[in-house]
Every structure is written in structure tokens, then in C-alpha cells.
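Visitor: Hi! Could you walk me through this one?

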Amino acid sequence: MATTDLHMHVLGYDYLADRPAGHIGLSRAAALIAQARRTAENCLLFDNGDFLQGSPMGDYLAESGGIGPHPAIAAMNALRYDAATLGNHDFSFGTGFLRRALEGAEFPFAATNLHPVRPLPVSQHLLLERQVRDSRGTARRLRIGVLGFLPPQTVDWEPALRPEIRVADILQAARAGIEALRQQGADLVVALSHSGIGALQPAPMMENAATALAALPGIDLVIAGHTHRVFPSAAHPQGPGIDARRGTLAGKPAVMPGFWGSHLGLIDLRLESAGTGWRIADFTCRAEPVAAEEDHASVSGPALSAHRQTLRHFRRRIGRTERPLSSYFALIGEDPGLRLVAMAQRWHVRRALRGTRWQDLPILSAAAPFRAGGRGGPQHYTDVPAGRLTLRNIADLYLFPNRICAIRLTGAELREWLERSASLFLQVQPGKPDQPLIDPEFPTYNFDVIDGLDWQIDLSLPPRYAPDGALAHADSHRIGAMTHRRQPVAADQQFILVTNSYRLSDCGLFAPVAAGRPVLLDSTSRTREVLRRYVARRRVLAPDARTGWSFRPLPGTSVLFETGPAAAAHLDALGTPVEPAGIGPDGFLRLRLHL
């Protein structure tokens, strides 16, 4: 059994909407865990990392300082986890916080490719010895080796970690770990891979290495994560070494059980004696969706105190908005909440650079919609009604614990930044109706819009870049009519671009544009805290919904755009004419947009 990417969703509660949520949470997955234990005597339970950060409860516990025992660890203790690994976001609050949290665990952690400067309560590999019963009821000893991996890019995403940890190549670390475990007599080797399902062909420092990892001799099964997908699943892409129907990577059994406790990964193994050890004779893999109506008391109990404190904290009022702030239409150019984030970022950087030699350069502000559907589903949108603004709303507008940064870019470099962002959209054929608009492989958190510029996107051209940042069509240039204060932007014109610490990492979609550019500000201030201060200072806000860009007109052409069903209540205020086109099979509202 396996969970992954819980992101502090210990309870079945949506803190951003401030209401119970029926299909997420470790406390809801607990019912599936109990059911699995009733049906199979020989069970092990693993977690695949990213459990400490990702919800307002996680943020509150980190900011308040008092964590012991941490509710996520206490809940996992109550469920009797056998072992776990770490994800990149488990380091988001620093190694000190992580160390204190892990010290309360009653189960071990494996982090095979992690090399901390100061010891953490983790092991590079684990050997779990278990007494199991065979089909005749005879007790047998089984030795399960456990390896754990986190993305090598972890330090790039959190540069403050560089003096504290080093994260090695997954495959290189795995080879050494496999050899060590086999020498210790491991009958099976389980890879807890907080890494996505990617290419079968190995490459140095792969972020999504689960398929290549499965192909290594000595790995028996893989639990994947990080990319928030469900595997096996008919909706998961097939590929070399990837059988999304049977649930195998390189022929080995594998699962990726969603995120936020949405699924429980289950791998059933039938083992046969093989000399002095065991071999896998047969297996089945599945990702079981959570459907419990109530929280499991053994899990919710340890978290209730922190849950109540979190609710009190995030219900505090800090300002007022004169208009609703929703992200339902962020991907067609209207998102007042995104404008508000961009305004707050610019305000902070303008004050920070006052009196420096950069103060007279124009300041632009880049922001992306973090909650705009996608893999999160048709309810995964920001929807703040007009009226009082609370800390909960601020958390809804900006999910991640990024720091505000500012770099100097030219007009040509800004155009390339926007070309990468425009990879969100599929190419359309002029003159054809109802073509799909959004590439489902492109995460919306990479759809940067740059406040302070105006531009058009030509959908008749293919995207210049693939979703992973690789150059796909070198001769394609979708971005046109780019202006600043109604004047065309020159290629060599100098600007300050406000962005976040994640964008300045050495990997990711925007890394080639950001790398090597002069950093004018690397703030210790988190974007969410700056947004809170900005709202508290302004008190009453009414940000414009328009985000500066539009599609180049293509007469006789229409596209279908999917958004949350609750968007229907906001159509009258939408500046872009659209037509409802029904509800799609995944529960999204379809809107027809004439180009």
C-alpha cells in the first residue's frame, strides 16, 4: 500500500474553500488502508514524500514554530506506516523544521540520494524484516529492501539549501543502494521514487526518473510520485516502458497514487520460493480512489488541535475586495486575483530598489495561476467572493512558499519568456470550429503572464517550446504586438522583471531565459507575506481582471476552453464573449471562444 504527495492534507478538509472535502485526505484514505489490511494478512504501507508542505495547516505549523509532535507524523504513526521517503517540498521550511518533524516518527525514512551536511534521521537504505504467512499458513521470513529518492533539482528549487544538503543522481544512487541491499540479503527491493514517470532511456540528473529506475536490475517494484498523476490509469499516457493499463514500468509493477490522499496505491504480489529467496510470480497494480464520507478517528484525532488553530488563524480579516477574485478565466486572459499578486510583487520591489541605480527602470511583474483546473480537477480554482478578505484568501491566491526576486531582462528576453508561457496552448487550424485550446500536459503554474506588458498570441502557429522547455519549433514565434505603455518593445530595451525564487532555479521551463541574468533582488520575503502586507495597506481593492494579453484574431475559428462549472455564475462579468458548450466527461464546463 502506498500514499504520495499528501501535502499536509491530513484531514478531508479544503482550507482554501473552508469546507470539508470528501475525496482527499489521509484520514479518508485510512478507510482503504483498513480494508486492505482486512483482505490481505501480509501488508506493508509506504509513503512517497511531500507530506509536510502544501496546505494552510502545513504553513501555519511552520510559521508558528511549535510542531511537536507534527500532526502528519502523528497520523502516519497511528496508521502504522512501515517506511517512507522524502520529497522536495519536505525541505520547503528548512532542514531544522524537517529534522524536528522526523524525530517524532515511529517508522524509518529512506533517502538514498540525499547527502545532508548535518545528519538527519534518515537512512540511505532500509532492510525491513517481516514474518509473513504463506498459503499453507506457515510463517516465513521476508526481507524487504527499501530505497528512497527525491528529485536532484531540489536544491535548485530551494537555493537556501545549498550549504545544507546535496542531492545526487537518482540512478547512480540506486545502483549503489541495490548492491548494498542485495549483499544484506534483501528478497525484494522497493523503490520509493518521489519522481515522475518519464523516459525509459536514462539521462544524468533526471527529474522524472521512475521508468528508468524501474529498468535497473535489482529493482522489483516502484512507487512513483511528484507529478500528481494517477497510475495505472486509462488517462495516463503510454510510452516506451510504460504500460498504463496493467501498471508496469519497464515490466515491473508500479503505482502513482495521485495527490493529497486522493488515492491509495495497491500492489498485490504473489511470491514463490526461488532457491534461498523469493521471486515475483504474479502481480496486480491499481490506484484506488478515496471515497470515504468521514474522517478516520485514529488519524483525525492527532490533527484536530492543529486543525482548529489553523482555521482560527486563516479566518482573520485583513482587507476587502470590491469584486470577486476568481481564476476560472485565467487561461483566456482574465484573472483579477492574478493581477492583485502582480501588483503586490511590483509594490514590494519598487520599494526595495528605491535609491538604487535601478530605480528608474520600468518594473514588470510575472505571475502564474496556481489553481486553474488541470490535474486538480473541476473544483481546483480560486473563487473569492466580493467582500472581506482573510488570510485564507491570501493563501488561495498564492499557494507556494516562494520568495520574491527581481532580474534584469531585455525586450528580446521577455519575448522568449512569453513564448515559453504560450506553450500552454495547442495549435489551431484557421477556419475550423471547436478545436481544443489547452495542452493537458502543460501545468498552469508555468503559465506566466507579465503585468505591465500587452501582447498577442497567434494560435495558428505551433508552440515554440514543448511543455518541458525543449525547443520544439525553432521558426515559430507566437508572441506579437508586444507593447509597454502602448509603445512597441525594442529588443534591447531594459526592464526589471519581478518573479519568484522557483523561476531562478537552474531547471524548469524558464531556466534558460533566467539563467545568468543580473539578479537585482533576491528577497528573503515570501510572496504570500508580501501579498498580505499589500492588502492590509490598501484595505479596499478592486483589481482589473484583464491580464494584458489576447489571442490574435482568426476569423471563422473557434476553440473549446474548459473551466470549473462554478464559472457559469461569473459569465455576465466576463469581458471576453464566450458561449457555454456543456459539461465534459471530466466534469469541466466547456466554453466556446470565437477567435
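Guide: Happy to; we can talk about salt bridges and then a sheet. This is a predicted model, where local features need pLDDT of at least 70, side-chain atom pairs count only at pLDDT 80 or more, and totals for chains, interfaces and linings use all residues. Residues are numbered from 1 along each chain as its sequence is written, and side-chain values use heavy atoms, with hydrogens and water left out.

Visitor: How many salt bridges are there?

Guide: The count comes to 31, taking a salt bridge as a side-chain nitrogen of Lys or Arg within 4 Å of a carboxyl oxygen of Asp or Glu.

Visitor: What does Arg528 form a salt bridge with?

Guide: With Asp59; their closest N and O atoms are 2.4 Å apart. Arg528 sits in helix H13 and Asp59 in helix H2, 469 residues apart. Helices (H or I, at least four residues) and strands (E, at least two) are DSSP runs, numbered from the N terminus.

Visitor: Is Arg528 buried or exposed?

Guide: Arg528 is buried, and so is Asp59. Buried means under 20% relative accessible area, exposed over 50%, partly exposed in between (1.4 Å probe, protein chains only).

Visitor: Which residues are linked with Arg286 in a network?

Guide: Asp268 and Glu288. The closest N and O atoms are 3.1 Å apart for Arg286 and Asp268, and 3.4 Å for Arg286 and Glu288.

Visitor: New topic: what is the strand order in the open sheet?

Guide: The order is S22-S18-S31, with mixed pairing. Strands pair if DSSP finds at least two bridges between them. S22 and S31 stand at the edges, each with a single partner strand, so one side of each lacks a neighbour in the sheet.
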